[in-house]
Amino acid sequence: MATIDRDLLTARIRDIPDFPKPGIVFKDVTPLLADPEAFAHAIEALADPYGDLGVDKVVGIEARGFILAAPVALACGAGFVPARKAGKLPSSRRGVSYELEYGSETVELHDDAFAPGDRVLIVDDVLATGGTAAATVELVEALGGQVVGLAFLIELGFLDGAQRIAGHRHTSLLTF
Ligand code: AMP
């Protein structure tokens with residue numbers, strides 16, 4: 001694809017200081033999602049590095065990851081798999097707990113989310129400390145999936161989340 005239009009994307013991301021708690025600057029992507037040009041560009045740019053890698057499943061992390069991962073899955077010719085918070089998935093499931101930038105959390109996947117050896121792309125809006133991404137990688141691999149990469153809209157570089165997923169390819173459209 002053409003180069004990533006970082007100005008277009010950056011202009012549609014809003015910093016909300018002290019949300020959801022003091023000291024956190026929340027990256028609000030709702031203006032980007034509301035703008036069809038920026039939204040379409042983000043999806044194209046997220047999918048582009050992985051489109052030729054034979055991705056079978058795209059995992060989206062609850063909740064904003066769902067919004068990005070579903071159209072990325074279609075762009076890659078892959079299926080969509082939701083990684084959900086504890087107790088939300090209806091069928092037999094497995095979970096991994098981890099620390100967040102603001103609290104602790106558990107991510108779960110259905111036991112039968114993948115066929116053995118499925119090639120999996122993980123998508124989320126923000127890579128912060130990397131705890132969520134690392135837990136999701138662990139879970140995908142425990143369930144027989146093969147992680148081919150992780151795609152983020154935003155990476156908070158100062159939190160060093162990339163270290164937690166070292167050894168896996170990852171791409172971020174914007175790094176702050
Ligand atoms: P982490 O596990 O610390 O990498 O956090 C990543 C998850 O928390 C993602 O699912 C993000 O949606 C959310 N998150 C963490 N920090 C922020 C932030 N500053 N702004 C928006 N979302 C965030």
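The following exchange concerns helix α5 and the largest cavity of a predicted model.

Residues are numbered from 1 along each chain as its sequence is written, and side-chain values use heavy atoms, without hydrogens or water. As the model is predicted, local features need pLDDT of at least 70 and side-chain atom pairs pLDDT 80 or more, whereas totals for chains, interfaces and linings use all residues.

Colleague: Is α5 largely enclosed by the rest of the structure or exposed, and how many of its residues are buried?

Modeller: α5, a DSSP run (H or I, at least four residues; strands are E, at least two; both numbered from the N terminus), covers residues 131–142. Buried means under 20% relative accessible area with a 1.4 Å probe, protein chains only. α5 is largely enclosed because the buried residues number nine of the twelve.

Colleague: Which residue with a positive phi follows α5?

Modeller: The helix has twelve residues and reaches 16 Å from its first C-alpha to its last. After α5 comes a residue with phi near 95 degrees, Gly 144.

Colleague: Which strand gives the most to the lining of the largest cavity?

Modeller: A cavity is a set of points on a 1 Å grid over the protein atoms alone where a 1.4 Å probe fits but cannot get out, and lining residues have an atom within 4 Å of a point. The largest cavity holds about 30 Å³, a volume being the space filled by probe spheres set on points joined across faces, edges and corners. β4 (79–85) and β6 each supply at least two lining residues. The most, three residues, come from β4.

Terms used:
The expected span of a helix is 1.5 Å times one less than its number of residues. Buried means under 20% relative accessible area, exposed over 50%, partly exposed in between (1.4 Å probe, protein chains only). On a 1 Å grid over the protein atoms alone, a cavity is a set of points where a 1.4 Å probe fits but cannot get out, and a pocket is an open set with protein on both sides within 12 Å along at least five of seven lines; lining residues have an atom within 4 Å of a point.
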